[in-house]
Amino acid sequence: MSSSTSSPSAQPGRPRILTGDTPTGRLHVGHWVGSIENRVRLQDSYECYFLIANVHAFTTRADRPDDIRRDVLEIVKDWLAAGIDPERSTLVLQSEVPAIAELTWFFAMQLPFNRVMRNPTLKHEIETKGLGDKYSFGFPLYAVGQCADILAFRPALVPVGEDQVAHLEMCREVARRFNHVYCDVDPALDDEAHVTAGGLFPIPAPLVGRVGRLVGTDGVHKMSKSLNNAIFLSDSAKEIKKKVGALYTGRQSMTDPGDITSSLFQYVRAFIKDPARVQALEERYSRGDNIGDGHIKAEVTAAIDELLGPMRARRAEYDRPGGDDLVLDILREHAARANAVAEETLYLAKQKMKMDIGRRTLGL
Ligand code: ATP
Ligand code: MG
């Protein structure tokens with residue numbers, strides 16, 4: 001590893017984006033509408049860093065290292081398939097960036113323990129993932145670690161789904177507090193003015209996607225890779241048809257007024273591109289105007305299949321023998337780019353915290 005490699009995507013003046021995913025399964029269409037669509041779109045106007053949180057995956061699956069390694073490869077393939085371009089964006093494997101682990105320690109001291117434990121996203125995850133009171137010490141620590149994932153890259157913007165906004169709020173608090181305590185920034189100052197006032201960290205803003213919380217095929221929980229309720233980006237046409245076909249609407253006949261707040265209709269709005277068609281379907285369905293669930297499901301299936309078709313084609317390149325090696329090569333090369341930025345942040349943070357004794361160089 002070298003800390004001196006600069007990012008080819010680094011252009012002076014371009015603001016940064018940092019966001020990421022945990023390798024706890026494959027990516028699904030909820031990720032697309034919540035965050036990935038924005039990432040793909042913004043690659044030209046921002047300097048983009050996309051992080052794969054493989055260390056955080058151990059917080060709930062410490063006994064499954066093989067699964068985590070497989071899911072790292074799967075998710076990177078999903079990214080590439082979705083249109084994340086390794087020439088323009090930097091793909092960051094969390095475990096290869098030591099500055100993140102070090103900043104996690106520093107930031108853990110900026111947050112009251114109870115503030116972390118009250119975080120609504122964390123509480124909700126403990127509930128829905130059935131973690132009870134047996135979760136590891138590292139599990140709540142991941143929320144602090146996520147502040148370090150983000151702030152290590154000093155981004156302006158973080159594209160996330162709705163469930164991550166509470167985590168991001170904590171990260172914003174950490175940035176404000178660090179800037180106040182160690183950089184003498186007035187705590188009453190507007191977020192936008194922190195850097196010009198001498199703060200090390202910009203206060204990163206969330207960018208929630210077009211659908212902030214896509215419901216899963218169970219019709220109850222958020223679509224989630226660990227809850228067995230997802231339509232994956234890598235699903236075949238047949239799998240999509242089966243999953244959409246099994247959505248429960250409770251409707252008895254084509255002339256019953258239908259519920260357009262159902263998961264089926266969330267998918268209509270999320271995936272059928274033509275707004276006039278969406279409106280027509282909503283109107284006919286809610287009136288019970290001789291339109292069956294089967295028809296709606298077929299249109300939704302076709303729309304999702306149209307979205308995923310090009311992704312399948314791009315993914316085929318990495319699903320061939322040797323595809324895993326291509327992915328590992330990208331991650332290795334990009335680790336150097338990521339470290340160039342994160343090491344600089346760590347060095348600046350240490351200076352502000354009166355810890356530095358000169359800048360280190362990462363090496364073998
Ligand atoms: P897990 O079940 O392991 O928590 P997940 O499906 O929630 O997995 P994450 O890796 O936690 O996926 O989330 C990655 C990004 O995708 C986050 O920004 C998150 O807010 C967003 N996201 C996840 N699920 C959805 C969804 N159903 N709708 C919209 N955005 C989502
Ligand atoms: Mg999640």
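Tutor: A polar contact is a pair of N or O atoms within 3.5 Å. The model discussed here is predicted.

Student: How far does a polar side-chain atom of Ser-224 lie from an oxygen atom of ligand 1?

Tutor: Ser-224 is among the residues that come nearest to ligand 1. The atom concerned is a polar one of the Ser-224 side chain, and its partner is an oxygen atom of the ligand. The distance between them is 2.4 Å.

Student: What share of the accessible area that ligand 1 has on its own does the protein cover?

Tutor: On its own, ligand 1 has 600 Å² of accessible area. The ligand sits in the largest pocket. Of that area, the protein covers 96%.

Student: Which elements give two or more residues to the shell around ligand 1, and which gives the most?

Tutor: Two or more residues come from strand S1, residues 16-21, and from helix H1, residues 29-41. The largest contribution is three residues, and it comes from H1.

Student: Which class, nonpolar, polar or charged, has twelve residues in the shell around ligand 1?

Tutor: There are 22 residues around the ligand. Four of the shell residues are nonpolar and six are charged. The class with twelve is polar.

Student: Which residue places a backbone N or O atom 2.9 Å from a nitrogen atom of ligand 1?

Tutor: Thr-24 approaches the ligand through its side chain, with a polar atom 2.5 Å from a ligand oxygen. The contact to a ligand nitrogen instead uses a backbone N or O atom, at 2.9 Å. The residue that supplies this backbone atom is Met-223.

Student: Is Gln-146 buried or exposed, and with which side chain does its own side chain make a polar contact?

Tutor: Gln-146 is found in helix H7, which spans residues 138-151. Its relative accessible area is 16%, and the limit for burial is under 20%, so Gln-146 is buried. At 2.8 Å, the Gln-146 side chain makes a polar contact with the side chain of Gln-164.

Student: What is the phi of Arg-154?

Tutor: Arg-154 is placed in the loop between H7 and strand S4, residues 157-160. With a relative accessible area of 17%, Arg-154 is buried, and its side chain is joined to that of Thr-345 by a polar contact of 2.9 Å. Phi is positive here in a residue other than glycine, with a value near 45°.

Student: Where is Asn-290 found, and what is its relative accessibility?

Tutor: Asn-290 has a positive phi of about 55° although it is not a glycine. The residue is found in the loop between helix H11, residues 275-287, and helix H12, residues 293-319. Asn-290 counts as partly exposed because its relative accessibility is 49%.

Student: How far apart in space are Leu-346 and Tyr-135, C-alpha to C-alpha?

Tutor: Leu-346 has its place in helix H13, residues 323-352, and counts as buried because its relative accessibility is 1%. Along the sequence, Leu-346 and Tyr-135 are 211 residues apart. In space, C-alpha to C-alpha, their separation is 30 Å.

Conventions
Residues are numbered from 1 along each chain as its sequence is written. Chains are lettered from A and ligands numbered from 1 in the order in which they are written. This is a predicted model: local features need pLDDT of at least 70, side-chain atom pairs count only at pLDDT 80 or more; totals for chains, interfaces and linings use all residues. Side-chain values use heavy atoms; hydrogens and water are left out. A residue is near a molecule or strand if one of its heavy atoms lies within 4 Å of it. A polar contact is a pair of N or O atoms within 3.5 Å; within protein, one must be able to donate a hydrogen and the other to accept it, and residues adjacent in sequence count only if both atoms are side-chain atoms. Accessible areas come from the Shrake-Rupley method with a 1.4 Å probe; for residues, only the protein chains shown count as cover. On a 1 Å grid over the protein atoms alone, a cavity is a set of points where a 1.4 Å probe fits but cannot get out, and a pocket is an open set with protein on both sides within 12 Å along at least five of seven lines; lining residues have an atom within 4 Å of a point. A molecule sits in a cavity or pocket if more than half of its atoms lie within 2 Å of its grid points. Helices (H or I, at least four residues) and strands (E, at least two) are DSSP runs, numbered from the N terminus. Ala, Val, Leu, Ile, Met, Phe, Trp, Tyr, Cys and Pro count as nonpolar, Asp, Glu, Lys and Arg as charged, and the others, Gly among them, as polar. Buried means under 20% relative accessible area, exposed over 50%, partly exposed in between (1.4 Å probe, protein chains only).
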